[in-house]
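Morning, everyone. I have one structure to walk through today, and I'll keep it short. Let's put it on the screen.

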Amino acid sequence: MVGLLAALSASAAGGMRIALPLLLIGLLRIDKLWSEIPLLSGVPPQVAITILVSWSLLELFASKTFVGQRVLQVVQIIFSPIVGAIMGIAIAQVSSIDEIIAHPWILWIIGIVGGLLALVLQLVQAGWLYRLRRLPIWVIFLQDVLCISLVLFAFDAPRQGALVAMLLLWLAIRSSKEWYCWYRSQGIAGDGGNPRRRKRDPD
């Protein structure tokens with residue numbers, strides 16, 4: 001159970017950023033680096049740390065600009081499910097080794113749930129970026145803080161981390177409804193204020 005809570009916290013971090021949570025999880029386990037993390041375990045540590053540090057810096061600085069937000073959002077939507085699944089599986093392996101050995105199929109479920117959680121968080125952020133054109137700078141800093149905090153919670157306080165992850169999911173669902181209502185209102189306004197569509201002439 002503790003491993004599942006920790007996995008939710010780590011996967012939610014993958015819904016905030018891509019490279020930063022992977023870099024943090026490697027640094028927090030500096031003795032093994034990414035030897036226990038799927039996909040990254042097959043990459044030489046020097047190559048992995050170079051790529052993750054470079055992309056983490058890009059996420060931290062480029063996200064503060066208009067063009068950077070647009071470019072990063074596209075990349076994050078594509079890779080966030082992968083990172084969410086990797087983070088969830090890696091943390092679950094570290095936190096609940098006995099359970100994983102007894103039931104290895106649990107990793108598949110954790111990976112799928114973690115990937116979906118990260119994707120949902122990213123899609124809602126993309127929706128608000130589309131609506132606002134540009135996310136406020138305080139929201140970007142909040143994303144950075146949440147990403148770092150969720151990774152730390154996954155190791156030291158999985159229950160609190162899972163609670164934050166569920167709160168983010170609840171906010172994402174609520175805000176997605178607000179975004180959808182706004183989108184519908186824009187569509188109706190663009191149709192001249194008439195929600196009824198013209199029927200095609202049968203001829």
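Start with helix H6. It runs over residues 106-132. That is 27 residues, and H6 reaches 39 Å from its first C-alpha to its last. The expected span is 39 Å at 1.5 Å a residue, so the two values are close. Keep in mind that this is a predicted model.

What comes right after H6? Arg133 follows H6. Its phi is positive, near 75 degrees.

Now the pockets. The largest pocket has a volume of about 460 Å³. Which elements give two or more residues to its lining? They are H6 again, with helix H7 (137-156) and helix H8 (158-190). The lining holds 17 residues. Nearest the centre lie Gln125, Trp128, Val139, Gln143 and Leu168. How does the lining divide by residue type? There are 14 nonpolar residues, 3 polar and no charged.

On to the second largest pocket. About 310 Å³ of space lies in it. Here 15 residues form the lining. Closest to the centre are Ile18, Leu22, Leu40, Ile51 and Leu52. The elements giving two or more residues are helix H2 (19-28), helix H3 (45-62) and helix H4 (66-95). Which one gives the most? That is H4, with 5 residues.

And the chemistry of this second lining? It is 15 nonpolar, no polar and no charged. Set that beside the largest pocket, whose lining includes 3 polar residues. Neither the largest pocket nor the second largest has a charged residue in its lining.

That's my part. Over to you.

Definitions and conventions. Residues numbered from 1 in each chain as written. Predicted model: local features only at pLDDT ≥ 70, side-chain atom pairs only at ≥ 80, totals over all residues. Heavy atoms only, no water. 1 Å grid on protein atoms, 1.4 Å probe; cavity = no way out; pocket = protein on both sides within 12 Å on 5 of 7 lines; lining within 4 Å. Points joined across faces, edges and corners; volume = space filled by probe spheres on them. Helix = DSSP H or I, 4+ residues; strand = E, 2+ residues; numbered from the N terminus. Nonpolar A, V, L, I, M, F, W, Y, C, P; charged D, E, K, R; others polar.
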